[in-house]
Amino acid sequence: MNQVCKVLRGPGIFFVQDVNDAKADVFEYVGFEDHYVRQYADHFAAINPWLPRIRSPKDLTLVTGRDLLTQDEYEATVFYNDWMKPQGQYEMIGGLLIKNQNVFTNISFTRPETEGVWTRQELRFYSAIMRHIRRAVQVHRQLHSAHLQRDASWSAMDHLPIGIILVTGDRKVIYANTLADRDLR
(Lines give C-alpha, C1' and ligand atoms only; values in the text may rest on other atoms or scores of the structure.)
Protein backbone atom coordinates (compact mmCIF):
# COMPACT_ATOMS: atom_id res chain seq x y z
CA MET A 1 0.00 0.00 0.00
CA ASN A 2 2.88 2.36 0.69
CA GLN A 3 4.10 2.03 -2.89
CA VAL A 4 0.62 2.42 -4.37
CA CYS A 5 0.10 5.55 -2.25
CA LYS A 6 3.30 7.01 -3.70
CA VAL A 7 2.18 6.32 -7.27
CA LEU A 8 -1.35 7.65 -6.71
CA ARG A 9 -0.14 10.58 -4.57
CA GLY A 10 -2.45 10.09 -1.62
CA PRO A 11 -3.39 7.90 1.33
CA GLY A 12 -5.08 4.52 1.02
CA ILE A 13 -7.48 2.44 3.09
CA PHE A 14 -8.49 -1.23 2.90
CA PHE A 15 -11.80 -2.09 4.52
CA VAL A 16 -14.89 -4.27 4.59
CA GLN A 17 -18.28 -2.65 4.89
CA ASP A 18 -21.81 -3.93 5.30
CA VAL A 19 -24.07 -1.56 3.41
CA ASN A 20 -27.19 -2.57 5.37
CA ASP A 21 -25.92 -1.59 8.81
CA ALA A 22 -23.09 0.66 7.60
CA LYS A 23 -20.54 -1.12 9.76
CA ALA A 24 -16.98 -0.85 8.48
CA ASP A 25 -13.95 -2.84 9.58
CA VAL A 26 -10.67 -1.22 8.55
CA PHE A 27 -7.89 -3.75 7.97
CA GLU A 28 -5.08 -1.61 6.71
CA TYR A 29 -4.42 2.01 5.91
CA VAL A 30 -1.55 4.23 4.90
CA GLY A 31 -1.37 8.00 5.10
CA PHE A 32 -4.47 8.53 7.25
CA GLU A 33 -4.19 9.61 10.87
CA ASP A 34 -5.48 7.00 13.32
CA HIS A 35 -8.30 9.17 14.65
CA TYR A 36 -9.67 9.76 11.14
CA VAL A 37 -9.71 6.01 10.50
CA ARG A 38 -11.59 5.46 13.77
CA GLN A 39 -14.03 8.22 12.79
CA TYR A 40 -14.60 6.50 9.46
CA ALA A 41 -15.26 3.11 11.04
CA ASP A 42 -17.45 4.54 13.81
CA HIS A 43 -19.46 7.15 11.93
CA PHE A 44 -18.51 8.21 8.42
CA ALA A 45 -18.77 4.73 6.86
CA ALA A 46 -22.52 5.01 7.45
CA ILE A 47 -22.73 8.20 5.42
CA ASN A 48 -20.11 7.51 2.75
CA PRO A 49 -22.02 8.79 -0.31
CA TRP A 50 -20.08 6.62 -2.76
CA LEU A 51 -20.70 3.12 -1.39
CA PRO A 52 -24.49 2.90 -1.78
CA ARG A 53 -24.02 3.67 -5.46
CA ILE A 54 -21.71 0.70 -6.00
CA ARG A 55 -24.09 -2.25 -6.29
CA SER A 56 -23.69 -4.07 -9.59
CA PRO A 57 -21.07 -6.69 -10.59
CA LYS A 58 -19.60 -4.30 -13.17
CA ASP A 59 -18.63 -2.00 -10.29
CA LEU A 60 -16.09 -4.56 -9.05
CA THR A 61 -13.32 -3.14 -11.22
CA LEU A 62 -12.64 0.48 -10.39
CA VAL A 63 -14.51 3.69 -9.88
CA THR A 64 -13.67 7.29 -9.12
CA GLY A 65 -15.65 9.61 -6.90
CA ARG A 66 -16.55 11.68 -9.94
CA ASP A 67 -18.07 8.60 -11.60
CA LEU A 68 -20.57 8.35 -8.76
CA LEU A 69 -21.39 11.94 -7.78
CA THR A 70 -21.23 15.33 -9.39
CA GLN A 71 -18.86 17.78 -7.72
CA ASP A 72 -21.82 19.78 -6.37
CA GLU A 73 -23.47 16.66 -4.90
CA TYR A 74 -20.19 15.56 -3.34
CA GLU A 75 -19.26 18.96 -1.91
CA ALA A 76 -22.71 19.22 -0.28
CA THR A 77 -22.21 16.01 1.74
CA VAL A 78 -21.34 15.85 5.43
CA PHE A 79 -18.89 13.09 4.46
CA TYR A 80 -16.86 15.53 2.36
CA ASN A 81 -17.18 18.56 4.63
CA ASP A 82 -16.56 16.81 7.95
CA TRP A 83 -14.23 13.96 7.02
CA MET A 84 -12.49 14.40 3.67
CA LYS A 85 -12.00 18.19 3.65
CA PRO A 86 -10.43 18.43 7.16
CA GLN A 87 -7.81 15.93 5.96
CA GLY A 88 -7.13 17.93 2.82
CA GLN A 89 -8.50 15.10 0.67
CA TYR A 90 -10.84 15.38 -2.30
CA GLU A 91 -10.42 12.87 -5.12
CA MET A 92 -11.18 9.15 -4.62
CA ILE A 93 -10.39 6.06 -6.62
CA GLY A 94 -11.66 2.76 -5.36
CA GLY A 95 -12.62 -0.70 -6.29
CA LEU A 96 -14.52 -3.56 -4.83
CA LEU A 97 -12.32 -6.57 -4.33
CA ILE A 98 -15.13 -8.91 -3.30
CA LYS A 99 -18.88 -8.47 -2.92
CA ASN A 100 -20.90 -10.98 -0.92
CA GLN A 101 -24.57 -10.01 -0.76
CA ASN A 102 -24.37 -6.60 0.94
CA VAL A 103 -20.83 -6.86 2.29
CA PHE A 104 -18.08 -5.18 0.27
CA THR A 105 -14.34 -5.69 0.57
CA ASN A 106 -12.93 -2.47 -0.79
CA ILE A 107 -9.65 -0.66 -1.25
CA SER A 108 -9.69 3.07 -1.90
CA PHE A 109 -7.18 5.84 -2.30
CA THR A 110 -7.77 9.56 -1.93
CA ARG A 111 -5.75 12.63 -2.67
CA PRO A 112 -5.96 16.41 -2.46
CA GLU A 113 -7.85 18.37 -5.09
CA THR A 114 -4.57 20.11 -5.98
CA GLU A 115 -3.26 16.79 -7.38
CA GLY A 116 -6.01 16.88 -10.02
CA VAL A 117 -8.30 14.20 -11.40
CA TRP A 118 -7.01 10.70 -12.01
CA THR A 119 -5.06 10.36 -15.27
CA ARG A 120 -5.62 7.54 -17.76
CA GLN A 121 -2.25 6.13 -16.78
CA GLU A 122 -3.25 6.09 -13.08
CA LEU A 123 -6.58 4.45 -13.91
CA ARG A 124 -4.81 1.73 -15.94
CA PHE A 125 -2.31 1.20 -13.13
CA TYR A 126 -5.07 0.92 -10.53
CA SER A 127 -7.08 -1.47 -12.68
CA ALA A 128 -4.02 -3.68 -13.18
CA ILE A 129 -3.14 -3.90 -9.49
CA MET A 130 -6.78 -4.51 -8.52
CA ARG A 131 -6.69 -7.93 -10.22
CA HIS A 132 -3.68 -8.92 -8.13
CA ILE A 133 -5.04 -7.50 -4.89
CA ARG A 134 -8.39 -9.22 -5.48
CA ARG A 135 -6.63 -12.57 -5.96
CA ALA A 136 -4.53 -12.02 -2.82
CA VAL A 137 -7.69 -11.33 -0.80
CA GLN A 138 -9.35 -14.48 -2.19
CA VAL A 139 -6.31 -16.61 -1.28
CA HIS A 140 -6.21 -15.05 2.19
CA ARG A 141 -9.87 -15.88 2.74
CA GLN A 142 -9.35 -19.48 1.65
CA LEU A 143 -6.36 -19.89 3.97
CA HIS A 144 -8.24 -18.26 6.85
CA SER A 145 -11.18 -20.60 6.29
CA ALA A 146 -8.86 -23.63 6.26
CA HIS A 147 -7.25 -22.49 9.53
CA LEU A 148 -10.67 -22.06 11.15
CA GLN A 149 -11.67 -25.56 10.06
CA ARG A 150 -8.41 -27.00 11.37
CA ASP A 151 -8.80 -25.20 14.71
CA ALA A 152 -12.41 -26.40 15.02
CA SER A 153 -11.32 -29.98 14.30
CA TRP A 154 -8.54 -29.80 16.88
CA SER A 155 -10.93 -28.33 19.42
CA ALA A 156 -13.37 -31.19 18.81
CA MET A 157 -10.59 -33.75 19.23
CA ASP A 158 -9.61 -32.08 22.50
CA HIS A 159 -13.01 -33.02 23.94
CA LEU A 160 -12.87 -36.72 23.04
CA PRO A 161 -12.57 -39.25 25.90
CA ILE A 162 -9.45 -40.80 24.32
CA GLY A 163 -5.95 -39.54 23.68
CA ILE A 164 -5.20 -38.53 20.08
CA ILE A 165 -1.76 -37.81 18.63
CA LEU A 166 -1.19 -36.62 15.06
CA VAL A 167 2.28 -37.17 13.63
CA THR A 168 4.10 -36.41 10.39
CA GLY A 169 5.56 -39.10 8.14
CA ASP A 170 8.86 -38.82 10.03
CA ARG A 171 7.08 -39.26 13.39
CA LYS A 172 7.11 -35.64 14.59
CA VAL A 173 4.14 -34.75 16.76
CA ILE A 174 2.09 -31.95 15.23
CA TYR A 175 -0.89 -32.25 17.57
CA ALA A 176 -1.78 -34.01 20.79
CA ASN A 177 -5.13 -33.47 22.46
CA THR A 178 -5.29 -32.71 26.19
CA LEU A 179 -5.64 -36.35 27.24
CA ALA A 180 -2.74 -37.52 25.05
CA ASP A 181 -0.57 -34.62 26.14
CA ARG A 182 -1.23 -35.44 29.80
CA ASP A 183 -0.42 -39.14 29.24
CA LEU A 184 2.76 -38.30 27.34
CA ARG A 185 4.01 -36.16 30.22
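Which residues of helix 2 (residues 34-42) are buried? In this predicted model, select helix 2 and then pick out Tyr36, Val37 and Tyr40, which are its buried residues. Looking down the helix axis, you will find that these residues cover an arc of only 100°, which puts them on the same side of helix 2. The spacing fits a general rule: an α-helix has 3.6 residues a turn, so residues three or four places apart point the same way.

Next, select Arg9, which sits in the loop between helix 1 (2-8) and strand 1 (12-18). Arg9 has a relative accessible area of 33% and is therefore partly exposed, since that class runs between the limits of 20% and 50%. Show the surroundings of Arg9, and, apart from neighbours within four places in sequence, the residues in contact with it are Thr110, Arg111, Pro112, Glu115 and Glu122. For one of these, Glu115, display the side chain as well, because a polar contact of 2.6 Å joins it to the side chain of Arg9. If you want a sense of scale, draw a line from the C-alpha of Arg9 to that of Ile165: the two residues are 156 apart in sequence and 54 Å apart in space.

From there, move to Ser108 in strand 5 (residues 103-111). With a relative accessibility of 9%, Ser108 counts as buried. Its C-alpha atom is separated by 6.6 Å from that of Phe14, although the two residues are 94 apart along the chain. Once residues up to four places away in sequence are set aside, Ser108 touches Pro11, Gly12, Ile13, Phe15, Met92, Ile93, Gly94 and Tyr126. Within strand 5, look also for the polar contact of 3.3 Å between the side chains of Ser108 and Asn106.

Now turn on a display of internal voids, where two cavities of 30 Å³ or more are to be found. The largest cavity has a volume of about 140 Å³, and of the 17 residues that line it, Phe15, Asn48, Trp50, Met92 and Ser108 are the closest to its centre. Strand 1, helix 5 (78-84), strand 4 (91-100) and strand 5 each give two or more residues to this lining, which divides into 12 nonpolar, five polar and no charged residues.

Finally, select the second largest cavity, with a volume of about 70 Å³. Its lining includes Trp50, Arg66, Glu91 and Met92, and helix 3 (65-68), helix 4 (71-75) and strand 4 each supply at least two of its residues. Here the lining consists of five nonpolar, three polar and two charged residues.

Definitions and conventions. Residues are numbered from 1 along each chain as its sequence is written. This is a predicted model: local features need pLDDT of at least 70, side-chain atom pairs count only at pLDDT 80 or more; totals for chains, interfaces and linings use all residues. Side-chain values use heavy atoms; hydrogens and water are left out. Helices (H or I, at least four residues) and strands (E, at least two) are DSSP runs, numbered from the N terminus. Buried means under 20% relative accessible area, exposed over 50%, partly exposed in between (1.4 Å probe, protein chains only). Contact means heavy atoms within 4.5 Å. A polar contact is a pair of N or O atoms within 3.5 Å; within protein, one must be able to donate a hydrogen and the other to accept it, and residues adjacent in sequence count only if both atoms are side-chain atoms. The arc is that of the directions from the helix axis to the C-beta atoms. On a 1 Å grid over the protein atoms alone, a cavity is a set of points where a 1.4 Å probe fits but cannot get out, and a pocket is an open set with protein on both sides within 12 Å along at least five of seven lines; lining residues have an atom within 4 Å of a point. Grid points are joined across faces, edges and corners, and a volume is the space filled by probe spheres set on the points. Ala, Val, Leu, Ile, Met, Phe, Trp, Tyr, Cys and Pro count as nonpolar, Asp, Glu, Lys and Arg as charged, and the others, Gly among them, as polar.
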